[in-house]
Amino acid sequence: LMAVLANDHPLAQKKVLEVQDFADVTLITYPVPDESLDIIRQLLKPAGIAPKRRTTELTVAILMLVATSRGIAVLPRWAVQTYLQRQYVTARPIT
């Protein structure tokens with residue numbers, strides 16, 4: 001899983017995102033319960049971080065929202081590889 005950000009997002013300057021970086025962002029996800037999202041269940045909730053959340057059902061819609069600076073997402077690299085190659089968005093690993 002990678003954090004996916006707008007190319008000009010301030011966090012895109014970091015080589016690796018830390019859990020604290022999610023405290024003040026809008027997290028764009030699929031409309032599923034928190035328990036179904038690894039980023040929330042394994043990293044954010046144990047750290048006591050609950051970012052604002054926006055949902056949409058389509059990966060392409062998530063990427064469009066990210067690319068237009070409406071939030072960040074956490075998605076598998078394979079799902080966003082084409083968008084990364086075309087430089088529509090930036091991806092960073094998460095510790």
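**The largest pocket and the salt bridges**

In this predicted model, the lining of the largest pocket splits into 9 nonpolar residues, 2 polar ones and just 1 charged one. The pocket's volume comes to about 170 Å³. Around its walls sit Leu1, Ile28, Thr29, Tyr30, Ser36, Leu37, Asp38, Ile39, Ile62, Val74, Leu75 and Pro76. Three elements chip in with at least two lining residues each: strand 2 (26–29), helix 1 (38–44) and strand 4 (72–75).

Asp38, part of that lining, also has a charged partner. Its side chain meets that of Arg41 in a salt bridge, 2.7 Å from N to O. Both residues belong to helix 1, where they are 3 residues apart, about one turn of the helix. Asp38 is partly exposed, at 33% relative accessible area, and Arg41 is partly exposed too, at 37%.

A search through the whole structure turns up 3 salt bridges. Another of them pairs Asp34 with Arg53, with the closest N and O atoms 2.3 Å apart. This pair ties together distant parts of the chain, 19 residues apart: Asp34 is in the loop between strand 2 and helix 1, while Arg53 is in strand 3 (residues 52–55). Asp34 counts as partly exposed at 36% relative accessible area, and so does Arg53 at 27%.

Then there is the bridge between Asp21 and Lys14, whose closest N and O atoms lie 2.7 Å apart. Here Asp21 is buried, because its relative accessible area of 16% falls under the 20% cut-off. Lys14, on the other hand, is partly exposed, with 27% relative accessibility.

How values were computed. Residues numbered from 1 in each chain as written. Predicted model: local features only at pLDDT ≥ 70, side-chain atom pairs only at ≥ 80, totals over all residues. Heavy atoms only, no water. 1 Å grid on protein atoms, 1.4 Å probe; cavity = no way out; pocket = protein on both sides within 12 Å on 5 of 7 lines; lining within 4 Å. Points joined across faces, edges and corners; volume = space filled by probe spheres on them. Helix = DSSP H or I, 4+ residues; strand = E, 2+ residues; numbered from the N terminus. Nonpolar A, V, L, I, M, F, W, Y, C, P; charged D, E, K, R; others polar. Salt bridge = Lys/Arg side-chain N within 4 Å of Asp/Glu carboxyl O. Buried < 20%, exposed > 50% of the residue type's maximum accessible area, 1.4 Å probe, protein only.
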